[in-house]
Amino acid sequence: MRENEKNTAIYVAYEEAVPFDPAAPEKNLLRAVLLSAMLDLKKPGDAGRKAVEYFLSPDEDYIFSFASICQFLNVDTDKILAVTGLKMGPFVAEAPTAALSNGAEPVADPVDNPTGVDLS
């Protein structure tokens, strides 16, 4: 290349790379809070009662409230309530498989994902 010509070559690297999500750690924390509350629903006594209160609370101002977490994660609150059995609705019959985007079977391990709902 001559000195007076500009290098106009365009190099494509990492074309299929997924852009970094700076909110990923926070989203993971909120998913963990939501899944922990779902697991607490199955516990007897005070833990189960507090989990029910958590899901049915209308509070949206507290950052870790159910409504706030669902809003941040773009998850439908009615669908989560129907899947957990706290609200009857159109999602009850289809909940375990409809939330899976790839049509696979629901997650078998209730410890990792008690509802089979994809929260990612």
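This passage describes the confidence of a predicted model and the packing of three of its helices.

The mean pLDDT of the protein chain is 76, with 67% of the residues reaching 70 or more. Confidence stays under 50 over residues 91-111, a stretch for which the model nevertheless has 24 contacts beyond four places in sequence. Where pLDDT is low, predicted coordinates should not be read in detail.

Helix α1, spanning residues 24-40, packs with helix α3, which covers residues 66-73, at an angle of about 135 degrees, and the axes of the two helices lie 10 Å apart. As this angle falls outside the ranges for roughly parallel, roughly antiparallel and roughly perpendicular pairs, α1 and α3 are therefore oblique to each other. The crossing in which α1 passes α3 is left-handed. On the α1 side the contact is formed by K27, L30, R31, V33 and L34, and on the α3 side by F66, I69, F72 and L73. Sorted by class, the contact of α1 with α3 comprises seven nonpolar and two charged residues, with no polar residue.

Helix α3 also packs with helix α4, residues 77-84, the axes of the pair coming within 10 Å and crossing at roughly 120 degrees. That angle makes α3 oblique to α4. Here the contact is made by F66, A67 and C70 of α3 together with T77, I80 and L81 of α4. Of the residues in the contact of α3 with α4, five are nonpolar and one is polar, while none is charged. F66 of α3 thus takes part in the contact with α1 and in the contact with α4.

Conventions:
Residues numbered from 1 in each chain as written. Predicted model: local features only at pLDDT ≥ 70, side-chain atom pairs only at ≥ 80, totals over all residues. Heavy atoms only, no water. Axes fitted to C-alpha atoms, helices over the stretch in contact; angles between N-to-C directions. Helix = DSSP H or I, 4+ residues; strand = E, 2+ residues; numbered from the N terminus. Parallel < 35°, antiparallel > 145°, perpendicular 65-115°, else oblique. Left-handed = near helix turned anticlockwise from the far one by under 90°. Contact = heavy atoms within 4.5 Å. Nonpolar A, V, L, I, M, F, W, Y, C, P; charged D, E, K, R; others polar. pLDDT = per-residue confidence, 0-100.
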